[in-house]
Amino acid sequence: MPVLKRHDPSSLWRVPEPFQAIYSHGMEVPSGARLLMISGQVGIDPEGRAADAFIPQCQQAMANVEAMLVAAGMQTSDLVKVTYYLTRAADLADLTMVRQQRWASIRPPAVTTLVVSALARPEFLIEIEAMAATTDTYSGGD
């Protein structure tokens, strides 16, 4: 079966070296792939608590996305599109650092990062929405 394909054409600006493992201009999903659309995940732990600081919220939001991937028999390398919503531009450098540590890949997803005035609750500092695709079959899940 065909595999997911990264697209970074030379006719577009070159992705800077520090971002090449966490950003692609585009990802192609072959016909017949299983798709998983993940609703926006915020930094809330299973008990409903959100940390006060950005990095712990970011780590928890990523863990929540990862839990959804596992439930579908997928992994972070199957991410094809990720949208990050932050409430403070000052947190962009920390987001990049956490992404490089946690989700770096030889085939990174297409990415959009937005700074917004607010999320659903005032204590939320980040929300992560994602799409994953795989050509692998899976019969388990929730």
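A cavity is a set of points, on a 1 Å grid over the protein atoms alone, where a 1.4 Å probe fits but cannot get out, and its lining residues have an atom within 4 Å of a point. Grid points are joined across faces, edges and corners, and a volume is the space filled by probe spheres set on the points.

The model is predicted: local features need pLDDT of at least 70, side-chain atom pairs count only at pLDDT 80 or more, and totals for chains, interfaces and linings use all residues. Residues are numbered from 1 along each chain as its sequence is written, and side-chain values use heavy atoms, without hydrogens and water.

**Exercise 1.** Describe the largest cavity and its lining.

Step 1. The structure holds 1 cavity of 30 Å³ or more.
Step 2. The space in the largest cavity is about 50 Å³.
Step 3. Ile-22, Leu-79, Val-82, Tyr-84, Arg-99, Trp-103 and Pro-109 line the largest cavity.
Step 4. This lining has 6 nonpolar residues (Ala, Val, Leu, Ile, Met, Phe, Trp, Tyr, Cys, Pro), 1 charged (Asp, Glu, Lys, Arg) and no polar ones (the others, Gly among them).
Step 5. With 3 residues, S4 gives the most to the lining.

**Exercise 2.** Place strand S6 (strands are DSSP runs of E, at least two residues, numbered from the N terminus) among its partners.

Step 1. Strands pair if DSSP finds at least two bridges between them.
Step 2. S3 (residues 34-42) runs antiparallel to S6, joined by 7 bridges; Leu-36 stands opposite Ala-132 in S6.
Step 3. S4 (residues 79-86) is also antiparallel to S6, with 7 bridges; Tyr-85 has Glu-127 in S6 as its bridge partner.
Step 4. In S6 (residues 126-134), 7 of 9 residues are buried, that is, under 20% relative accessible area with a 1.4 Å probe, protein chains only.

Notes: Buried means under 20% relative accessible area, exposed over 50%, partly exposed in between (1.4 Å probe, protein chains only). Helices (H or I, at least four residues) and strands (E, at least two) are DSSP runs, numbered from the N terminus. On a 1 Å grid over the protein atoms alone, a cavity is a set of points where a 1.4 Å probe fits but cannot get out, and a pocket is an open set with protein on both sides within 12 Å along at least five of seven lines; lining residues have an atom within 4 Å of a point.
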